[in-house]
Amino acid sequence: MSEIIVQGYHSLKGELEIQGSKNAVLPMMAAALLHKGTTVLSHVPRIQDVFCMMGILESMGCACHLTGHTLTICARELTGVRIPEEQGKAMRSSIILLGALLGRSREAVVHYPGGCSIGSRPIDMHLFALKKLGARIEEESGVLHARTKGMKGTVIAFSYPSVGATENVLLAAAAAEGTTVLRGAAREPEVEALCRMLEAMGVEIAGIGTDCLKVKGTREFKDIVYDVPGDRIVTGTYLSAVMAAGGEAVFTRSSPGHLGCVIEVFEKMGAHIRVLGDTIQIAMAGSPGNVSVETKPYPGFPTDLQSMMLVLMSVGAGRGCLKETVFEGRFATAKELHKMGAAIIIEGKEAWVTGQRSLSGARVRACDLRGGAALTIAGLAAEGETKVTECYHILRGYEDICRDLRSLGADIWREA
Ligand code: EPZ
């Protein structure tokens, strides 16, 4: 099992282009299924979840070619509607293929999705919404078999702004007869990117970027070439790396417009940040000053940067509270940080952290994608050597975290 080794106490300096967004490209790849033609996506990140989604699309008859960071998907002829069990269970995003396949083929067979173990992650809202649009869904030993005589536009109201459920509705409504109104929609930038792509494909959508989306379905889609936005969570990860290790860096294609409250929090912690168009410049000297933060749906502080905040608060000065309100099981990384000397007390949804200014290198285990990235960053701010095991989690969402941090001066490598 491969592991990442980090020698601590090397400050960072340099410039890096941020990869395309994992959480934007996966629904965009699902959207390509709607069109009996060709979809080209640029700035596609070369990550495991993209390779997995390519495998799923190919298993249903699509032709997928990834050349560099440009992905061409031809979905002219589909040969099946069943998502292979192994790939389906490898990531959460397989569930949004339900909406796309019901829109395209009026049938889909998918297993309960996998993905990071950060909570129970039910799919009740997905199933409720698709049934309202006209799907009949039977479940047998973890396999969902969905059929429809034709999806019909309707009004749907969500009690919680679920990102995945919003994307599932968008993908089904895009090919439904009539208009669908979704109230209580998620407003994450990745949802907006999907809306903009569907618009380019020929779908009329009103309210993009708000919590009320109005989608007029179509049967005619267009060939398009579309750009995947920079990954705001990867940007936030690398901003945290500079704050933990000290130094300065410039990140291009960094989606600063989607990091509003993150930049605000990091500046409160002592980072000097400048935004110039799609570029973020950051400089950090000394230890971060501790703050209290609560994760929330967009535009609040993103839950995907919660583990990085645990690290920054652990090497910071003073005491702070980090409240996780999105996923009930997302503090697993705290246990690993304890091995490095972090002073974190978990009380229900809250993590109380007393900054130690620095940590000690240790052998720690990646429990999930973002937790693994956070432990890697903790190694930058630790005395001695840190080994992060089970780092396959990290490969799901980061093209090459060692390559990227090494380009900024970190002493880090991966051992197979
Ligand atoms: C997406 O997950 C992202 N994943 C997550 O990123 C991200 O943390 C999350 O949105 C929140 O921003 C992808 O886009 C592939 P949700 P998703 O549905 O769609 C509950 C990463 O590290 N819920 O908004 O699964 C759910 O249990 C990953 O890149 C229901 O109760 O998130 C959770 O508590 C991790 N019933 C909350 O809503 C449902 O039917 C938010 O989930 C659906 C969700």
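**View 1. Asn23 reaches the ligand with its side chain.** In this predicted model, a polar side-chain atom of Asn23 sits 3.0 Å from a ligand oxygen atom. Asn23 makes a good starting point for looking at the other partners of the ligand.

**View 2. Met125 and Gly164 meet the ligand through their backbones.** For Met125, a backbone N or O atom lies 2.8 Å from an oxygen atom of the ligand. Over at Gly164, a polar backbone atom is 2.8 Å from a ligand oxygen atom. On its own the ligand would expose 830 Å², and the protein buries 89% of that.

**View 3. The ligand sits in the largest pocket.** Several helices help to frame the ligand here: helix 1 (22-31), helix 5 (124-132), helix 6 (163-173) and helix 12 (369-380) are the elements that give two or more residues to the shell around it. Which helix gives the most to that shell? Helix 5 does, with three residues.

**View 4. A shell of 22 residues surrounds the ligand.** The closest of them are Asp124, Met125, Ser162, Asp304 and Val326. Sorted by class, the shell is a mixed bag: nine nonpolar, six polar and seven charged residues.

**View 5. Two domains supply the shell around the ligand.** Domain 1 (3-19 + 230-415) gives at least three residues to the shell, and so does domain 2 (22-215). Zoom out a little to take in both domains along with the ligand.

How values were computed. Residues numbered from 1 in each chain as written. Predicted model: local features only at pLDDT ≥ 70, side-chain atom pairs only at ≥ 80, totals over all residues. Heavy atoms only, no water. Near = heavy atom within 4 Å. Polar contact = N/O pair within 3.5 Å; in protein donor to acceptor, adjacent residues only side chain to side chain. Areas by Shrake-Rupley, 256 points an atom, 1.4 Å probe, with all protein chains shown as cover. 1 Å grid on protein atoms, 1.4 Å probe; cavity = no way out; pocket = protein on both sides within 12 Å on 5 of 7 lines; lining within 4 Å. Sits in = over half its atoms within 2 Å of the grid points. Helix = DSSP H or I, 4+ residues; strand = E, 2+ residues; numbered from the N terminus. Nonpolar A, V, L, I, M, F, W, Y, C, P; charged D, E, K, R; others polar. Domains from an automatic or database assignment.
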